Amino acid sequence: MSDSVTFRVHRFKQGDAASHHDSFEFEPGPRSTVLDALTAIRRTQDPTLTLRHSCFHASCGTCGMKVNGREVLACVTNVRELGTGEVTVDPLDNAPLVSDLVVDMGPFFARLNAVERPLVRESELVPGAHTASGIPQPLRYEDCIECGICISACPIAATDPEYLGPAALAAADRVREEPRGGDVPFVLGLADDPHGAWRCHVAFECSEACPSNVDPAGHIMQLRRSLIGRRWRALLAQPVEAGR
Ligand code: SF4
Ligand code: FES
């Protein structure tokens, strides 16, 4: 019996009328990951296959994709443990498609930038540490690895292109918890919006899919509680009109 696994890989190049899947055979070892398979396919079978990756160990967040319909990091998804002789690989949803398995992460990063996402936790800052040249301060170093998996898994992001999204709302909640110089009223104002924390339908798909235990849905619930308190405080601070 052959140990070969068939990979059905999403294909699309700019100018194509529609996308399709190409099939490739790959014989995985006991520790082969989906990313190992895709890089081997590109190296030995089709050099035009495009995908994003960098670290190979679940820290850079670049290899997010859908494997057999579920959002995962390809670099830590063991092929044998999928338990199927056929593995279907697709790009993340809810992001503009660029090519094959590559989506444009620009809109996702723009949402994170808008909420002034937190940097290194204060407790993790090393006194006197220097950043690499040209980098004014440490960036993108909390639990969120900015993989975009949560926004792909989110049913609301699929219907509301203006939705701030799970990762950005989780980041907004972290600014509330630990501002580190962030403009908390501004960030909470962004979250307190019909396309912000209130748009979430509490599906918890984002927390289920997140590979870094950020629990975006839990943060959105905390954010909502905080926003309700903020509204009450604003209401109670209003002067009582004479005659009422
Ligand atoms: S919250 Fe989780 S799933 Fe979303 S971008 Fe960050 S690490 Fe990825
Ligand atoms: S290659 Fe970096 S997270 Fe997968």
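Let me begin with Phe56, which counts as partly exposed because 16 C-beta neighbours lie inside 10 Å. I should say at once that the model is predicted. F56 sits in the loop that runs between helix 1, residues 34–44, and strand 3, residues 64–67. Setting aside its neighbours within four places in sequence, F56 is in contact with L35 and C75. There is also a spatial relation to D36: the two residues are 20 apart along the chain, and their C-alpha atoms are separated by 8.9 Å.

L35 brings us to a second residue, A74. Again leaving aside neighbours within four places in sequence, A74 is in contact with T33, V34, L35, L38, C63, M65 and V67. L35 is thus among the contacts of F56 and also among those of A74.

Allow me to step back to the chain as a whole. The protein chain has 8 helices and 7 strands. It comprises 244 residues, of which 36% count as buried. If we consider contacts between residues at least 6 apart in sequence, 61% of them join residues at least 24 apart.

I turn now to the core. In soluble globular proteins, nonpolar side chains tend to be buried together. In this model, the largest nonpolar core has 60 residues, and those with the most contacts inside it are F7, A74, C150, L169, A171, A172 and A191. Which helix supplies the largest share of this core? That is helix 5, residues 166–177, with 7 residues. And where does the core lie with respect to the two domains? Domain 1, residues 5–102, and domain 2, residues 105–235, both give residues to the core, so the core lies between them.

Helix 5 deserves a closer look, and I shall take its packing partners in turn.

The partner I take up to begin with is helix 3, residues 106–114. Helix 3 and helix 5 pack at an angle of about 15 degrees, and their axes are 9 Å apart. Angles under 35 degrees count as roughly parallel, and the two helices are therefore roughly parallel to each other. Helix 3 passes helix 5 in a right-handed crossing. On the helix 3 side, R111, L112 and A114 take part; they meet A167, A168 and A171 of helix 5. A171 is also one of the residues with the most contacts inside the core.

Next comes helix 6, residues 184–191. Helix 5 and helix 6 pack at about 150 degrees, with their axes 9 Å apart. The angle is over 145 degrees, the cut-off for this class, and helices 5 and 6 are therefore roughly antiparallel. Their crossing is left-handed. From helix 5, the contact is made by L169, A172, V175 and R176; from helix 6, by V184, V187, L188, L190 and A191. Here L169, A172 and A191 are again among the residues with the most contacts inside the core.

The remaining partner I wish to show is helix 8, residues 216–236. Helix 5 and helix 8 pack at an angle of about 50 degrees, with their axes 8 Å apart. That angle makes helix 5 oblique to helix 8. Helix 5 passes helix 8 in a left-handed crossing. The helix 5 residues that make this contact are P166, A167, L169, A170, A172, D173 and R176, and those of helix 8 are P216, A217, H219, I220, Q222, L223 and S226.

From helix 6 we may follow the chain to D192, in the loop between helix 6 and helix 7, residues 205–209. D192 counts as partly exposed, because it has 19 C-beta neighbours inside 10 Å, and a residue is buried if 20 or more lie within that distance. Beyond its neighbours within four places in sequence, D192 is in contact with A197 and L227. D192 and I228 are 36 residues apart in sequence, and 9.2 Å apart in space from C-alpha to C-alpha.

Finally, a point of backbone geometry. Most residues other than glycine have a negative phi. N68, which is not a glycine, has a positive phi of about 50 degrees. N68 lies in the loop between strand 3 and strand 4, residues 70–73. D100 likewise is a residue other than glycine with a positive phi, near 45 degrees. Its place is in the loop between strand 6, residues 97–99, and strand 7, residues 102–103.

Are these two residues buried or partly exposed? N68 is partly exposed, with 16 other C-beta atoms within 10 Å. D100, by contrast, counts as buried, because 25 C-beta neighbours lie inside 10 Å.

Technical notes:
Residues are numbered from 1 along each chain as its sequence is written. Chains are lettered from A and ligands numbered from 1 in the order in which they are written. This is a predicted model: local features need pLDDT of at least 70, side-chain atom pairs count only at pLDDT 80 or more; totals for chains, interfaces and linings use all residues. Helices (H or I, at least four residues) and strands (E, at least two) are DSSP runs, numbered from the N terminus. A residue is buried if 20 or more other C-beta atoms lie within 10 Å of its own, exposed if 12 or fewer, and partly exposed in between; C-beta atoms are placed from the backbone. Two residues are in contact if their C-beta atoms, placed from the backbone, lie within 7 Å. A nonpolar core is a set of buried Ala, Val, Leu, Ile, Met, Phe, Trp, Tyr and Cys residues joined through C-beta atoms within 7 Å. Domain bounds come from an automatic or database domain assignment. Axes are lines fitted to C-alpha atoms, for helices over the stretch in contact, and angles run from 0 to 180 degrees between N-to-C directions. Angles under 35 degrees count as roughly parallel, over 145 as roughly antiparallel, 65 to 115 as roughly perpendicular and the rest as oblique. A crossing is left-handed if the near helix is turned anticlockwise from the far one by less than a right angle, and right-handed if clockwise.
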